[in-house]
Amino acid sequence: MKEQVIERLIRYAKIDTESNPESLTTPSTEKQFDLLNVLKTELEEIGLTEVTLDENGYLFATLPANTDKEVPTIGFLAHIDTSPDFSGKNVKPRRIDNYDGGDIQLNDELTMSPSYFTNLKNYVGQTLITTDGTTLLGADDKAGIAEIVTAMEYLVQHPEIKHGKLRVAFTPDEEIGRGPHKFDVKAFGADYAYTMDGGPLGELQFESFNAAGVKVTTRGTSVHPGSAKGKMVNAITLAIKFQNSMPVDAVPEKTEGYEGFIHLMSFNGHIEEAKLSYIIRDHDREKFEAKKAHFLEVEKMVKEKFGEDAITVEIEDQYYNMREKIEPVKEIVDIAYKAMENLNISPIVEPVRGGTDGSQLSYMGLPTPNIFAGGENMHGKFEFVSGETMEKASQVILEIVQLFEAQGK
């Protein structure tokens, strides 16, 4: 199984599927169909049924039940796009067998060293797939795709493994927060689902951030600087004042665990107009709302001093903490936990410091915890994944479906 999942990851990683947050289409980039069409054919060839791909880039498929028991329909999901944070074009995955624990030369100029990336020490003796140092790898989430396809193929080839009806979904645009926006939960028809979109071995997550995006626009008046006294209003200066009113320590580089943050993503402008883009994140709904309220309080202060037209703050909620929707059916988390224990994997139950498609899907009526896919150092040139971890993720899928079947009546 390890070789199959590695081969799939490498093949999928070479297909450019980078999403684009500026695009208004779904999927945000037409090239995401390049992988979706490959996957559609592959799912049909391994023996899945009801394989459908719609115009918005949502690929669904079914593995019919082979048990007489009444078993919930379980879904497994992964996203096909890669992050626009770093180039996903011309990805050239490198395979390292029996990693010796030393420096990894990605190319003539770039080395990945365990002295800095200490997580490499966890993979001595394993097969690693890395980048060539010029692109990301795309294990987020092509590792998840490879794991699901490999598990489904194994189940088709081993009908002695009893399971209920299984559904598979591969979705676009997760990296830009739109993965479930046009996901047809009713058509998918699963009772519960799991995203294979986590990080290192053992990750099991059913809590995510509450998330919002904020766009701030400041407006000024441009006057020749030689005669600007009492007349010029500098939008850049207003924007800086606004940013300086944000909490100093509630930023990504100073927070961890359950600590939320306000993150300035971009800042550009000129004297007449400046724009700032933020994201707000917090696991606690009350603290999340307080962070949003702070933006509006600062907006009010700027308007009182410089006028109503001086600033506009637009806040848009993106997703909410999926814990609220998963806790009533916590048994789906318990089954995943048990599946890992049965495979001698130590479950690591921790909050997602981000979001997965499961965050939105849970609020759309499909409770969806998140399971490890294996990627490390994601969204950049130092990304890598272990073949052994990917194999274990596929085995977790197999164990989950058997545990559900064993509980059936």
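Five bridges join strand 2 to strand 8 (residues 166-171), and the two run antiparallel. Within that pairing, F60 sits opposite A169 of strand 8. A word before going further: the model you are looking at is predicted.

**Around strand 2**

Strand 2 spans residues 59-63, and five of its five residues are buried. What covers this strand, one face or both? Both faces are covered. L59, A61 and L63 are buried on one side, while F60 and T62 are buried on the other. That split follows a familiar pattern: in a regular strand, side chains alternate between the two faces of the sheet.

Strand 2 also has strand 1 (residues 49-53) as a partner, joined to it antiparallel by three bridges. Here L53 has L59 as its bridge partner in strand 2. Strand 1 and strand 2 form a hairpin with five residues between the strands, and in this hairpin G57 adopts a positive phi near 90°.

**The four-stranded sheet**

Further along the chain, four strands make an open sheet in the order 12-13-11-14, with antiparallel pairing. Its edges are strand 12 (261-269) and strand 14 (311-319), each of which pairs on one side only. From one strand to the next, the twist averages 15°.

Two of the pairings in this sheet can be set side by side:

| Strand pair | Sense | Bridges | Source |
|---|---|---|---|
| Strand 11 (residues 210-219) and strand 13 (residues 273-282) | antiparallel | ten bridges | strand pairing |
| Strand 12 and strand 13 | antiparallel | eight bridges | strand pairing |

Individual residues help to fix the register. T217 faces K275 in strand 13, and L264 stands opposite Y278, also in strand 13. Strand 12 and strand 13 form a hairpin, with three residues between them.

**Two helices on the sheet**

Helix 5 (residues 235-244) lies across strand 11, strand 12, strand 13 and strand 14, and runs at about 15° to strand 13. Helix 6 (residues 285-306) packs on the sheet too, touching strand 11, strand 12, strand 13 and strand 14. The direction of helix 6 makes about 165° with that of strand 14.

Which residues of helix 5 are buried? They are A235, L238, A239 and F242. Seen down the axis of helix 5, these buried residues fall within an arc of 100°, so they line one face of the helix. The general geometry is worth recalling: an α-helix has 3.6 residues a turn, so residues three or four places apart point the same way. The buried residues of helix 5 pack against strand 11, strand 12, strand 13, helix 6 and strand 14. At the start of helix 5, a side-chain oxygen of N234 comes to within 2.9 Å of the backbone nitrogen of I236.

**Nonpolar cores**

The largest nonpolar core has 68 residues, and the members that touch the most others are F76, M152, F170, Y194, I371 and I400. What does Y194 touch, leaving aside residues up to four places away in sequence? Its contacts include I74, G75, F76 and L77, along with I332, I335 and A336. T368, P369, I371, I400 and F404 are also among the residues that Y194 touches.

A second core, separate from the largest, has 20 residues, including F242, A274, F295 and A310. F242 is also one of the buried residues of helix 5.

Notes:
Residues numbered from 1 in each chain as written. Predicted model: local features only at pLDDT ≥ 70, side-chain atom pairs only at ≥ 80, totals over all residues. Heavy atoms only, no water. Pairing = 2+ DSSP bridges. Axes fitted to C-alpha atoms, helices over the stretch in contact; angles between N-to-C directions. Contact = heavy atoms within 4.5 Å. Buried < 20%, exposed > 50% of the residue type's maximum accessible area, 1.4 Å probe, protein only. Arc of directions from axis to C-beta. Polar contact = N/O pair within 3.5 Å; in protein donor to acceptor, adjacent residues only side chain to side chain. Core = buried A, V, L, I, M, F, W, Y, C linked by side-chain atoms within 4.5 Å.
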